[in-house]
Amino acid sequence: MGVSVKIKYNIWRTISPMKLILGGYLLIILAGTALLMLPAATKGSGSTGLSDCFFTATSATCVTGLIRFDTYTHWTLFGQLVILGLIQIGGIGFMTVAILVLVLTKRKIHLSQRSLMQNSISAPQIGGIVRMTKFIALGTLFVEGLGAVLLGFYFVPRYGVVKGIYFSVFHSVSAFCNAGFDLMGGTTGEFSSLTGASGNWYVCTVVMLLIFIGGLGFFVWRDVLNRKFRLSRLRLQSKMVLAISVSLVLTGTLALGLLEWNHGAYEGLSLGEKISASFFQSVSARTAGFNTVDLAAMTEGGIFVMICLMFIGGSTGSTAGGIKTTTFWILCISILTTFRRKKNIEMFGRRMEEGITRTASCVFMTYLLLTVTASVIISAVEELPLLTALFESVSAMATVGLTLGITPGLGMVSKLLLAFLMLCGRVGSITMLLAFSSEKRVANSRLPLDKVQVG
């Protein structure tokens, strides 16, 4: 017994938290792949192939929403529940689930496990991490439950009590976790997403609110609740997240409305439906994956705007992906800081820590290099326009799930590339880099200083 405890202790000490986080997500994906490969998960005779099951499990665990097959028409109830479970685990984080299991079984949570949880959800400090885990679980249950009740007023009258409740729960979890999986294929056609409800303001508003709340981040909710909704007393990060999120939604809505107003994607829509579609796609593009219009019919300008929104994504510590809103804003503010010849980045009467710009630049460049490289490869392999391939790659890397309709027809190389991007996007670019980097001690001495001109 003593030997096993010692071995377990050594494993926690020798493997870095970044490697454990990456390994945890891979294990969940492999488990989901095995379950989806069972004949009971696929409608009709036979089972789904390994590569397609792996792609679907990766998409669900990484809360992306890119799919090879329509979720409702291809997968059985068992398969849909497996996907829903993967979405939930991926949305709140597998370490959150693990800590909750330890709490419920009243087992001791060691410092190494608390540290792993801190890295998993990007917590600012290790203190109070168990309380934060409970808050995440209860908050998720409450918001998803409330969303299911509100969506029930739409689904139950149309599909009956049992099916209506199931649809309500599934879409509430999918929207809150910013996953983008839907069950509308049996009603409005395969891969139709929420296009059948494009003119329904009630459904669109509920789904948008779930997406928006899920994309704000667990720490922002807690700060808002602790400060009793007094915005002036919020922490700097909470103020930044709220300000940037609202600004991006409004800017995206205006840009999409102007670019698409009298063109293919909005053709035949009424004034209210055009406004609703602009709002919905602006919110959804920031990592949710639902759509109420045909994205393939959008103009190149509209597609590029959506690529930009997807690339930015949601907020740190949330169910969303992308480079994150704070990263984007720090890069923007650093430009103004340089113009004003200031030494420190300042915002809302606070000075940010030194080195924050370097970290933000690292995240931005990692996302940019990975998505551009994957886009060029997919464009060449599949013989697709580069903009189309870029849209798909950014959608995967930012864990959005929106597509121009090319995902079902992609070959093996493209599927593996997108799966890799989804995993990178969910785990985080910095985590992925540190997981594959060797741990070396930082030297105390410094090399001689020399100047290099930039710009």
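Here is a short conversation about a predicted model of one protein chain.

Student: Which limits on confidence apply in this model?
Tutor: Residues are numbered from 1 along each chain as its sequence is written, and side-chain values use heavy atoms, leaving out hydrogens and water. As this is a predicted model, totals for chains, interfaces and linings use all residues, side-chain atom pairs count only at pLDDT 80 or more, and local features need pLDDT of at least 70.

Student: Which element has the highest mean pLDDT?
Tutor: pLDDT is the predictor's confidence in each residue, from 0 to 100. The protein chain averages 84, and 85% of the residues score at least 70. Helix H1 (residues 2–14) has the lowest mean among the elements, 49, while the highest, 94, belongs to helix H9 (residues 161–176).

Student: Over which residues does pLDDT stay under 50?
Tutor: Where pLDDT is low, the predicted coordinates should not be read in detail. In the stretch you ask about, the model has one contact (heavy atoms within 4.5 Å) beyond four places in sequence. The stretch is residues 1–10.

Student: How many helices and strands are there in the protein chain?
Tutor: Helices (H or I, at least four residues) and strands (E, at least two) are DSSP runs, numbered from the N terminus. By that count, the protein chain has 20 helices and two strands.

Student: What share of the contacts between residues at least 6 apart in sequence join residues at least 24 apart?
Tutor: Happy to put that beside burial: of the 455 residues, 50% count as buried, where buried means under 20% relative accessible area, exposed over 50%, and partly exposed in between (1.4 Å probe, protein chains only). For the contacts you ask about, the share is 70%.

Student: Are H11 and H14 roughly parallel or roughly antiparallel?
Tutor: Helix H11 (residues 201–216) and helix H14 (residues 271–284) pack with their axes 10 Å apart, at an angle of about 20°. Axes are lines fitted to C-alpha atoms, for helices over the stretch in contact, and angles run from 0 to 180 degrees between N-to-C directions. Angles under 35 degrees count as roughly parallel, over 145 as roughly antiparallel, 65 to 115 as roughly perpendicular and the rest as oblique. The two helices are therefore roughly parallel.

Student: Which residues is Met-208 in contact with, leaving aside neighbours within four places in sequence?
Tutor: Met-208 is found in helix H11 and is buried, with a relative accessible area of 11%. Its C-alpha atom is separated by 9.1 Å from that of Ala-288, 80 residues apart along the chain. The contacts of Met-208 are Phe-279, Phe-280 and Val-283.

Student: Is Glu-383 buried or exposed?
Tutor: Glu-383 lies in the loop between helix H17 (356–382) and helix H18 (386–397). Its phi is near 55°, a positive value in a residue other than glycine. With 71% relative accessibility, Glu-383 counts as exposed.

Student: And is Thr-399 buried or exposed?
Tutor: Thr-399 has its place in the loop between H18 and helix H19 (412–427). Phi of Thr-399 is near 50°, again a positive value in a residue other than glycine. At 1% relative accessibility, Thr-399 counts as buried.

Student: Which residues of H19 make the contact with H18?
Tutor: H18 and H19 pack with their axes 7 Å apart, at an angle of about 40°. That makes H18 oblique to H19. H18 contributes Glu-392, Ser-393, Ala-396 and Met-397, and the residues of H19 are Leu-418, Leu-421, Met-422, Cys-424 and Gly-425.
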